[in-house]
Amino acid sequence: MTTINNEKSSKLKIQMKGISKVFETEELETHALKNIDLSINEGDYVSISGPSGCGKSTLLSLLGLLDMPSSGQYFIEGQDVSDLSLDEAAEVRNKKIGFVFQSFNLIDELSVFDNVALPLRYDVERPTIETITKRVNECLELVSMSHRKSHKPNQLSGGQQQRIAIARALVANPAILLVDEPTGNLDSKSGDQVMDVLAELNKNGTTICMVTHDPRYADMASIQLKLLDGMILTTPVAQLAV
Amino acid sequence: MGSNMGSAIGAIMSNVSSIFSGQVIYQAKQAWQSLKGHPGFIASVLTTMGLTVGALLCILTLAYVLLVKPLPYPDQNSLYVVEHQLINKDNKVDGGAFTYPNLMYLYNNQQVFEQAALMHLDADVLLSLPANPMLPISFVTPEWFSLLGPKMALGRTFEQTEAVNTYNPVAVITYQTWQHDFAGKVNILDEKLNFSDVSYRIVGVLAESFSEPQLHGIGYNSSVILPWDYNTVSERDRKTWGNDDGGLIYLAKLSTKQANKTINVVQAGHALTSLVNDNWQEKISSQDFFKGWGINLQVKTLKSVLLSGSDSTVYLLLAGVLGLVMIACANIANLFISRTAEQQRSLAIKAAVGASKKQLFISIFSETSILMGLSTVIALFVASGGFLVMQLYLNEYLPRIDELSINVFTLSCAVTIAILLALFFAKLSANMINYHALNSTLQSSGKGAGIQVSAKIRNILITSQVAIVTALVFINITLFKDAINTLNQPTGYESNNRYFFVMSLPSSNEDNKDELLANIHLMREKLLALPQVEMISQSRPPSAFGTYAVTTAKTNERYSAKGKDIDHQYFDLINQEFLQGDNFSAQDIKNDHRVTIVNEVFAKQLAPDGNVLGLTLNGSKIIGVVNSIQIPNSKTIDARFYYPASPIRNMVLVKVKQGQKLDRETVVSLLKEVSSQIKLFSFASLNERSKSRLYTQYVTVFTSGVLALITLFLSSVGLYGILSYSTQMRRFELGTRMAIGAKGKDLIRLIIKDNLLAIMLGIALSMIMLLIITIGFNEQITNYLTLELLPLLFITLSAIALISFIACYFPLRQLINRPAIHSLKGCE
């Protein structure tokens, strides 16, 4: 399960150069991230772990273009995304990034199908209904949730909800899946099931970057980064390979 | 044993009451402590509810005084006014006032009423006081006093000694005249009043508390009461059966026995009509003009006559203010809802330590009670301010305004409204609490189990706001536009730099005629010699006409037309356009030639081709046709004719040079120089005169404009509040949507789409409301129902759409203009 996919590492998905993030208040400057260099190749399974307050979430939100770095350069599949407008960032997120949140973040009013289809509805290319239906069904298949299509999220267990969230993250064929403490709100059995789904996806080629503080799950990743005080402690294997 | 029981019950009762009062104080203290930390919340509630409930109390009191409160006269339910109508040959009402002989005939011969009084209102210059004030006078028969039962401050009322045809020159003055014109002189009953060279001995002073029924028009109060015999109707008119006079009033009382049996007013009207009409037909049988005409008498309750159509104004005001209160309630409801949502943690702790549902309700009710109590106190201040403003500005517009004050009715309304609102807001807030979910609020981090305003309540709030605001704004814009249209109506004559005054002249007879003519001539010379004066004309003002029966010689056709006497400078002075023929010449005026000028409307009636020059009207030859002017605040343009004024006409129009002014004092001193016998009766600029005619329109423009703006403002705040709260509630969801690629415009579209149904429903409801109003009040609003309403409706809907859009967009702006992480943070 934790084998390193060296053959797939030829194609660079994510590259950060000298990324820093400073939070400024009137009295205080907090350096949340300091000079981060990071590369993730196609097919990698990267985990980021560290104590609370080390900058994990900040790094993940920069990776996901939810926030902008204070300095440094960031490329996704070769495209410079260091300095995008809010709408440009939204477009890149829509096409290239799939998010899996700790608390699932499904929309209660929408059915499972519509939740999964949501990223495609925001796609500027406006895919046809047939394309959407086909793709949503494929993704639900991938997480084994096809039989719950017309349910509402609150009719499902936590583990099932997280699998729906993974399907939603996959639906737009993103360059990378960004996963934030995927088991944090789950019991251990459901957590294990979700981790199995992620591992299976990675085995089939999906690039994953996961933030977790659970060492057991961090070990499941092929590349394990440790973050402390805004800096990466472990030199990622993938970077050496470049 | 019995006394033991008694003391035990007493002890229990006192215990209960002390627990109860202790509980009340405790709850009030707790509520105040909890409110104290939210001054913004308190201020919003107090200002919104204080102002709107204040306005509501003001209008409710007005409605009470006008529609419910008994008139301040004994047997007020048995008091009636008889109205006299001249019905022309086409069965249309030609004149709505009594002719003098008919009035006297009715007074002397009727059997229907137990008692009847005659009234006539005029004004005259009081010669016996050095200041020569102009005083409004009521000429009345003694029954006026027994019907209205005024208390006297001094002296007596009129009695049999002042009955009709006694010619006893005595006077009763009002308390205000006594104080104002006679400085409250102690021996006022020794004084005499001199009007038009008749000296009246003052025999009584009315009490301060007496308020006269304003039968001559709203705002008209008389200062002096004189016996009927001295009324100013001329000897000629006293015998003319065909000329009606709006100053004549017939006030009567049915005996209480009759009133109980309800000999209904229609029957009474029929009986009186046949009495008066039979006699009238006999008297006018020789006059061809009145062939086919008739008299109709209508008996109306004094109350309905005094109300004179003001009830629709009251209902309109009531509807407007109720709309405002509803919008305010929706806004405040929203604030309370948000506050309850905020308080979820403290409510949960209270529930955890054992507070029952009822106890939670009481603690919320304590808060709403404090807030509504304070709002009501503010509202009472606002209402008394409103009364003052209404007394200042609406005194000539609505009857009985001087009776407005905070009374028992206002106070009971205030208390009832406060209790109802406190209960309503408490119930609304309490209903949001899911008592069973409260405990889990404490256990979990709060996600999912907290108090949220249900989408249903949010939608109801949005729909009701939109419905009320659309209907109210549309109605107000319609009234506003209509009033503006009337204000901007071109009149067809010039009123800038023009003044008008009336002189009080000694009555003219053969002995003094030459002297009077010489004095008037001197007055004209002196007036023209003033540096600012450009031109003068001895004529009636542009807006004043009398109604006359007119016959053409050629066809013998009869017309009822408006006419007035003017001199040869009149049309030039007011720039009224000539269309055909000639103006009067100076000779026509001097020698009283039998010539006349008609307006275009009348010319078209007389001859469809408009070629009327040379025709005769009542023996006067038509020599010219003028443009038809539009009298301010009159919906129609009448057929009118003009005839030469007498050289001793007491009315003068003055045109001053551009940028110059004429004032009252100049005219007063000029007249003094001419003769001590000529006094100034009234003075005003033509603009002031049209302004006072257009008073209703100005009031309407102001109130409807202000009401529309306040409504829009309140509803903007309200909609913003609701939508901003709902956006806040959805922040996490919106953040998620942003994370998976939604752009700003996607979210704007989403929020608009989500609220569109509620907004459209509100608009549909408002359309239904407007439709119901249109069907229910079709008669009253038929004037307003034109195609012009469509653009107004469009403007209203655009305004509502814009406000709704802003209310959707602004709360969202803080989310979509920042990186997505801000919306996702703090929600985990």
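## A tour of chains A and B

Begin by selecting the hairpin of β4(A) and β5(A), which has two residues between the strands and in which E77(A) takes a positive phi near 45 degrees. Strands here are DSSP runs of E of at least two residues, and helices are DSSP runs of H or I of at least four residues, both numbered from the N terminus. This is a predicted model, in which local features need pLDDT of at least 70, side-chain atom pairs count only at pLDDT 80 or more, and totals for chains, interfaces and linings use all residues. Residues are numbered from 1 along each chain as its sequence is written, while chains are lettered from A and ligands numbered from 1 in the order in which they are written.

**The sheet of chain A**

Stay with the hairpin and show its pairing: β4(A) and β5(A) run antiparallel to each other over two bridges, and the bridge partner of F75(A) in β5(A) is D80(A). Two strands are taken to pair if DSSP finds at least two bridges between them. Then widen the selection to the open sheet of four strands in chain A, whose order is β2-β1-β4-β5 and whose pairing is antiparallel. At its edges stand β2 (29-41) and β5 (79-80) of chain A, each with a single partner strand, so that one side of each is left without a neighbour in the sheet. Strands of a sheet pair through backbone hydrogen bonds, either parallel or antiparallel.

Next, select β1 (residues 12-24) and β4 (residues 71-76) of chain A, an antiparallel pair held to each other over five bridges. Two positions serve as landmarks: S20(A) has S71(A) as its bridge partner in β4(A), and K17(A) has Q73(A) as its partner in that strand.

**Two loop residues with positive phi**

Move to L65(A), in the loop between α1 (56-63) and β4 of chain A, where phi is positive at about 60 degrees although the residue is not a glycine. L65(A) counts as buried, with 26 C-beta neighbours inside 10 Å; the term requires 20 or more other C-beta atoms within 10 Å of a residue's own, while 12 or fewer make it exposed and numbers in between partly exposed, with C-beta atoms placed from the backbone. For a second case, go to R126(A), in the loop between α3 (112-121) and α4 (129-142) of chain A, a residue other than glycine whose phi is positive and near 45 degrees. R126(A), with 10 C-beta neighbours inside 10 Å, counts as exposed.

**Where chain B touches chain A**

Now display both chains and select their contact, which takes 20 residues from chain A and 15 residues from chain B. Residues are in contact if their C-beta atoms, placed from the backbone, lie within 7 Å. On the side of chain B that touches chain A, the elements giving two or more residues are α22 (731-739), α23 (744-776) and α26 (821-824) of chain B, and the largest share, four residues, comes from α22(B). By class, that side of chain B has eight nonpolar, three polar and four charged residues, where Ala, Val, Leu, Ile, Met, Phe, Trp, Tyr, Cys and Pro count as nonpolar, Asp, Glu, Lys and Arg as charged, and the others, Gly among them, as polar.

**A helix crossing in chain B**

Keep α23(B) selected and add α14 (residues 455-488) of chain B: the axes of these helices come within 7 Å and cross at roughly 40 degrees. The axes are lines fitted to C-alpha atoms, for helices over the stretch in contact, and angles run from 0 to 180 degrees between N-to-C directions. α14(B) and α23(B) are therefore oblique to each other, since angles under 35 degrees count as roughly parallel, over 145 as roughly antiparallel, 65 to 115 as roughly perpendicular and the rest as oblique. Among the residues that meet are I462(B), V466(B) and F474(B) in α14(B), and I759(B), L765(B) and M769(B) in α23(B). The contact of α14(B) with α23(B) has twelve nonpolar, eight polar and no charged residues.

**Strands and a buried phenylalanine in chain B**

Select β3 (residues 115-125) and β4 (residues 134-140) of chain B, which pair in the antiparallel sense over seven bridges, with H120(B) opposite F139(B) in β4(B). Adding β9 (residues 224-227) of chain B shows a parallel pairing with β4(B) over four bridges, in which V140(B) stands opposite P227(B).

Finish at F145(B), in helix α4 (residues 143-148) of chain B, which is buried, with 21 other C-beta atoms within 10 Å. Leaving aside neighbours within four places in sequence, F145(B) is in contact with P150(B), T157(B) and F158(B).

Methods. Two residues are in contact if their C-beta atoms, placed from the backbone, lie within 7 Å.
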